[in-house]
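Visitor: I have a new model open and would like to learn how to read it. Could you walk me through its features?

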Amino acid sequence: MNSNQEQDTMIINFERLSVIAIYEEPLTPIEELIATIMSAIGHVPPGRNIILAGDLNCRLDTTNHRTTELKELMTEEGFTIVNKAV
């Protein structure tokens, strides 16, 4: 196991799995959030399963530009969103 940490992002790489934990401040522009996510994914060795978790300060139970952009990114990168909006 090894780990990498930048600002409010932590990446832990196991043999076949990588866990990415991200915290984003409220009102962080979506472009910065996407850049943070993509940078973190770039630190994961190819072929690993990834769990992306954290507080992205992006409500998934509303429809707005920020939510749409994040959902599109997750779909494009092959992620499945599993949290339930309350």
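Guide: Happily! Let us begin with Asn-57, which sits in the loop between S4 and H2. Keep in mind that this is a predicted model.

Visitor: What sign does phi of Asn-57 have?

Guide: The general idea is that most residues other than glycine have a negative phi. Asn-57 has a positive phi of about 50°, although it is not a glycine. With a relative accessibility of 28%, this residue counts as partly exposed, because that class covers values between 20% and 50%.

Visitor: Where else should I look for a positive phi?

Guide: Try Leu-27, a residue other than glycine whose phi is positive, near 70°. Leu-27 belongs to the loop between S3 and H1, and its relative accessible area of 82% makes it exposed. You can also visit Gly-78, which follows H2 and has a positive phi near 85°.

Visitor: How many helices and strands does the protein chain have, and in what order do they run?

Guide: The protein chain has two helices and four strands. Starting at the N terminus, their order is β-β-β-α-β-α.

Visitor: Let us take a helix, then. How do I check the length of H2?

Guide: Compare an expected span with the distance in the model. Helix H2 covers residues 65-76, which is 12 residues, and at 1.5 Å a residue it should span 16 Å. The C-alpha atoms at its ends are 16 Å apart, so the two agree.

Visitor: Which residues of H2 are buried?

Guide: They are Arg-66, Thr-67, Leu-70, Leu-73 and Met-74. Looking down the axis of H2, you find these buried residues within an arc of 130°, so they line one face of the helix. On the other side of H2, the exposed residues are His-65, Thr-75 and Glu-76.

Visitor: What do the buried residues of H2 pack against?

Guide: Their partners are helix H1 (30-42) and strand S4 (49-55).

Visitor: And what happens at the start of H2?

Guide: There, a side-chain oxygen of Asn-64 comes to within 3.1 Å of the backbone nitrogen of Arg-66.

Visitor: Now for charges. How many salt bridges does a search of the whole structure find?

Guide: The idea first: side chains of opposite charge can pair when their charged atoms come close. Here the search of the whole structure gives two salt bridges. One joins the side chains of Glu-15 and Arg-16, at 3.7 Å from N to O, and both Glu-15 and Arg-16 are exposed. In the other, Arg-59 pairs with Asp-61, with 2.4 Å between the closest N and O atoms. Asp-61 is partly exposed, at a relative accessible area of 38%.

Visitor: How do I spot residues distant in sequence that meet in space?

Guide: Compare the two separations for a pair. Glu-25 and Leu-56 are 31 residues apart in sequence, while their C-alpha atoms are 7.6 Å apart in space. Glu-25 lies in the loop between strand S3 (17-23) and H1, and is partly exposed with a relative accessible area of 44%. For the protein chain, take the contacts between residues at least 6 apart in sequence: 58% of them join residues at least 24 apart.

Visitor: What share of the residues counts as buried, and how much surface is exposed?

Guide: Of the 86 residues in the protein chain, 27% count as buried. The chain exposes about 5,900 Å², and 53% of that is supplied by carbon and sulfur atoms.

Notes
Residues numbered from 1 in each chain as written. Predicted model: local features only at pLDDT ≥ 70, side-chain atom pairs only at ≥ 80, totals over all residues. Heavy atoms only, no water. Salt bridge = Lys/Arg side-chain N within 4 Å of Asp/Glu carboxyl O. Buried < 20%, exposed > 50% of the residue type's maximum accessible area, 1.4 Å probe, protein only. Expected span 1.5 Å × (residues − 1). Arc of directions from axis to C-beta. Contact = heavy atoms within 4.5 Å. Polar contact = N/O pair within 3.5 Å; in protein donor to acceptor, adjacent residues only side chain to side chain. Areas by Shrake-Rupley, 256 points an atom, 1.4 Å probe, with all protein chains shown as cover.
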